Amino acid sequence: MVFSDLLFIYMFLPLCLVLYYIFPNTTYRNGILIIFSLVFYSFGEPIWVLLLIGSALVDYLNGLFIDKYKRRRSRIAVLGVVMSLIINLGVLVLFKYSGFIMENINALTGLSLPVRHFTLPIGISFYTFQTISYTVDVYCGRARVQRNFLNFLLYVSLFFQLVAGPIVRYTTVASEISRRRFSVFDMSKGIERFIFGLGKKVIIANSMGSIADKLLTFENAPVSTAAAWAGILMFSFQIYYDFSGYSDMAIGLGLMFGFHFDENFNYPYVSKSASEFWRRWHISLGTFFRDYVYIPMGGNRRHQVLNIAVVWFLTGFWHGASWNYIFWGLFWGFLVAIEKLFLRKVLDKIPSIFGHLYLLAAAVAGWLLFYFEDLGRLKQCFWGMFGKNGIPLSDDITLSLLNGSCFIIIAAAVFSCPIYRIVGEKTDALAARSAAAYTAAKIGENIILIGILAVSSILLVKQSYNPFLYFRY
Amino acid sequence: MGYVRINLKADARKRAASIITTSVFLALFIGIGAVSLILERPTVSETENRELETFPKFSLESYLNGSFTAQLDKYFTDTVPFRDTLNEYAAVLENAKGIPSPQFYGVEIVNHDPEEIIDSLDTEYAEITTETSVPDGQERIAVPAEISSASISEGSAMPVETSPSVTFSSSEASGTETSQSGAGSADEEFVGDITDFLNNGIIVNGVDMYGEKAGIMLFGGNDTQGERYANIISSYKRELGDSVNVYNMVVPTSVEFYLPKKYSKYSNSEKREIEFIYSKLTDGVIPVDAYSVLEAHKDEYIYFRTDHHWSDLGAYYAYTAFCNAIGQTPPALSEYTVKTKDEPFVGSLYGYTNDITLKNNPDTFTYYMTKSDFKGETYNYRTLTLSEANPIFHQYASGSNMYGMFLGGDGYHVKITTSAGTGRKIVMFKESYGNAFAPYLIDSFDEIYVIDIRYFGKNAVQYIKDVGATDVLFINNVFAANTSKLIDGIERLLTSPTGTVVYTAPPVTTSVPVETDQQGLPVGQVSQSQQQQTVQGQQVQPVQQTQQVQQTQSPQQTQPSASTTQAVQTTQTTKTAQPQQTQQTTGAPAVTAPPTTTAPPAATTPPAPTAAVPQTVTSPAGKISG
């Protein structure tokens, strides 16, 4: 199941909320959340629920192991971290990368080892990282050990962030697992967040995605310049609205049930440099690699270039078992590295508009790498973008697609700037000044929310198939 | 102090606002959820012409492999109360996303000379053949493969994937249901055939026809298939010899006359293709030039804006061309009774694209009825036993099924006995374009036998000889004449003793129909006996065909349980003691009773096949989804 699904919005969620709030006691409420989370997960592939529980159990035991030997100040404690890493990464490699690795070994050596592609258990890239963060944090003393397995299972399986992030660290929610306070502020903020996220996904991302797919699925004919640019730009919007919409919904759901997750997106397209972009894009992944790979490797102090290369290789590879993702990661790593070396100083001196333009160009180039798993088609699209396909620059279909969705495209461009946040802050400020103005603003906001919910729901009746892009990572 | 008080006030306001927001939306989530449980869920979509998803059966296995939950999810979304209305709203919303502009459904961007892509089309055509298993007891000729799910996502894709394309299973075979299904199942048929044709997609809104916006299906045919078509028709003439005239008419479609020049690269030339086919005809097959006469009248309402068929007027002009070929003078248009349906007609192109432009520019459905006397009869297309009288003009046909007005739909094998007195008898092989054409022949032939190429259970040459036909006409639109499956059908009619009907059921001895009708007899048997009585009562019936009934008993009685149940329900609802009465009462069902009762969902959810026969099916899915 996904959040942008009528069954989820009007059946699963209300049922979960009602049952949850019927019970006054956190233990029962946690039980309800675990049950609902496992049911939610089992809507994809029920069999992998076992893997999820197994994975939780392993790291729960690793946590206890680490804690036990840490108390004795024994070095054996590190074995718990090693085990956690081996098991989690092993599972991840087995399911996600074994096919890719075998193929490349075969290609390199000329052998013909058997290649098996597993179906990827949903959310495995996210929850394996979450449990790794737990064991490492327990070892480093940043987190206290969790002695109650159900509490730990709740952390791992929580349906808000289970399938597509954000990667919530154990330390972020550790205290809220056993103690949460209901707050009507949180509840209403959560609902707002959820509905905005839903609108981002259903109204904007799906529209952008349908245009991008039509334009970039060229098979029998080369792609025109207009189609290539429009396709990649629409995909840039799609992936931002899709993924940040999902994160909004996850954060909103968390708030409805009293959890406070960290932000995962902060208007990345307004950045002025690659490093800033990555402080604003998929923040939970960037900080994960920073805290668990980059800094342990030595950060800025030792072989920084190597550290950057490793981190960005992993960032790319995490997104998928295909070369284009690796190139995509290394591409960003390269930009971050040259910014650290000299570009940063240049960008700081020239007018900021150049920084914006540089970043947007970089982002679009990045998505070009990201979109095409087939390197041949990537090349074709690239040449198309520069008019080298020997065909007219534009074509009827591209123009009519862009025309036919022009209002949504404008909206997508406008809302990728922090408009909503500024409006929200202004509205909040009104509360202290004028009751009438605040009431009017709030009524307006609620009407907009109802509108978004209604439009999204109606569109969902028609779109029976709308998976999130990040569902399979 | 003042500052603190203001803050307190602000907090109170914020709290109030939060409480209101929370209550409003919790009420919405919970309320809509609860109401959606209480309200009745639709089972069919009228506008999309398909059965909706059904509630899954729970089993441990289906749960563990994820199919239960997947189906539950589909069911919930697909059967949302008021879904057709909501879908209309969705279409309005989709339209509001930008400035109305030409919409290309399943059209691939073409940047080069159309001639170049002919080769690539051929390859694709071969690649997208899929294996489809057929449940036992059901014969399958046309099964559109699924459109790739990716294309469905964007709403603009054609919702053909679940259209129950093949409807003639047990209920048809039982013989009591033929007229009852009327327009209902007829349209499922033409939904089926549109997807079978190799096309280049559909353009909507960039095209005007008769002063209003229209949809047009782009022609993607090619010579390889056209040549095969011509060769097979020529071999009919060889088999039949000089005593029988064989005519071939390939009908152009709307794309040829109304596609603006700037889009011409998206469609291949039908004129060229028709000329090519005609040039390949040998052995004295007489080509009929419908193209010129249609072109001459292209300012008149000869095609539909929202449907892939031609109008009855278009069929009339083609008939005048045919009269030219057979040496007759056609009656003038003024000699017909002209009728126009009050209800606007929104046809198949809307079903595929869901484009609101089509809905907003509906067609006017006008038809021309001959004033001559005639008697129409429907024969079971497998057993060739008489099953019903057929009024030929099924005037109750309505909704998106309106084209089912002619003959009652595609799948019927129809015989018309007329008072023309020309001494000529014609056997006509057609797909759905022929439905509108056939009634005009009433003034030209004494006996008319209408055979749908996809549904005929006998060897064609033998049949032509048996009925003593003087003339044979192949009439197909140019998409069909370029579609390998249809050509396969024509070939099979020529070579196979059972025509295009494929018997897949092994004889099963256990009797399947357990439900009984009013007299307490198994329904299946009653209808069989009725059928035979009718046969004996009919003198026009060649004796030989009674034997045919005996031979083909078993496949009819060995239907898989699911579709049998459907058939049983159908029979029960109508209680067909007197076929003639059924005829009367079934005018309404096309509107009131949704097609569920008449159309078993054969294609969508085959009931666990026990003896599946793989069938090669060609579908333009790849092309449509683009």
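Domain bounds here are those of an automatic or database domain assignment. On that basis, chain A of this predicted model splits into three pieces: domain 1 covers 6–180, domain 2 joins 183–265 with 393–473, and domain 3 runs over 279–386.

Domain 1 and domain 3 of chain A have their C-alpha centres 27 Å apart. Where these two domains of chain A meet, domain 1 puts in 12 residues and domain 3 puts in 7 residues. On the domain 1 side, two elements of chain A give two or more residues each, namely helix H4 (77–109) and helix H5 (124–140). H5(A) has the largest share of that side, with 5 residues. Sorted by class, the domain 1 side that touches domain 3 of chain A comes out as 7 nonpolar, 4 polar and 1 charged.

Then there is the contact between the chains, which draws on 63 residues from chain A and 61 residues from chain B. Looking at the chain A side, a handful of helices turn up with at least two residues each: H1 (6–22), H8 (184–216), H16 (396–404), H17 (406–415), H18 (419–433) and H19 (435–462). Of the elements on this side, H19(A) gives the most, at 11 residues. As for the kinds of residue involved, the side of chain A that touches chain B holds 38 nonpolar, 16 polar and 9 charged residues.

Technical notes. Residues are numbered from 1 along each chain as its sequence is written. Chains are lettered from A and ligands numbered from 1 in the order in which they are written. This is a predicted model: local features need pLDDT of at least 70, side-chain atom pairs count only at pLDDT 80 or more; totals for chains, interfaces and linings use all residues. Helices (H or I, at least four residues) and strands (E, at least two) are DSSP runs, numbered from the N terminus. Ala, Val, Leu, Ile, Met, Phe, Trp, Tyr, Cys and Pro count as nonpolar, Asp, Glu, Lys and Arg as charged, and the others, Gly among them, as polar.
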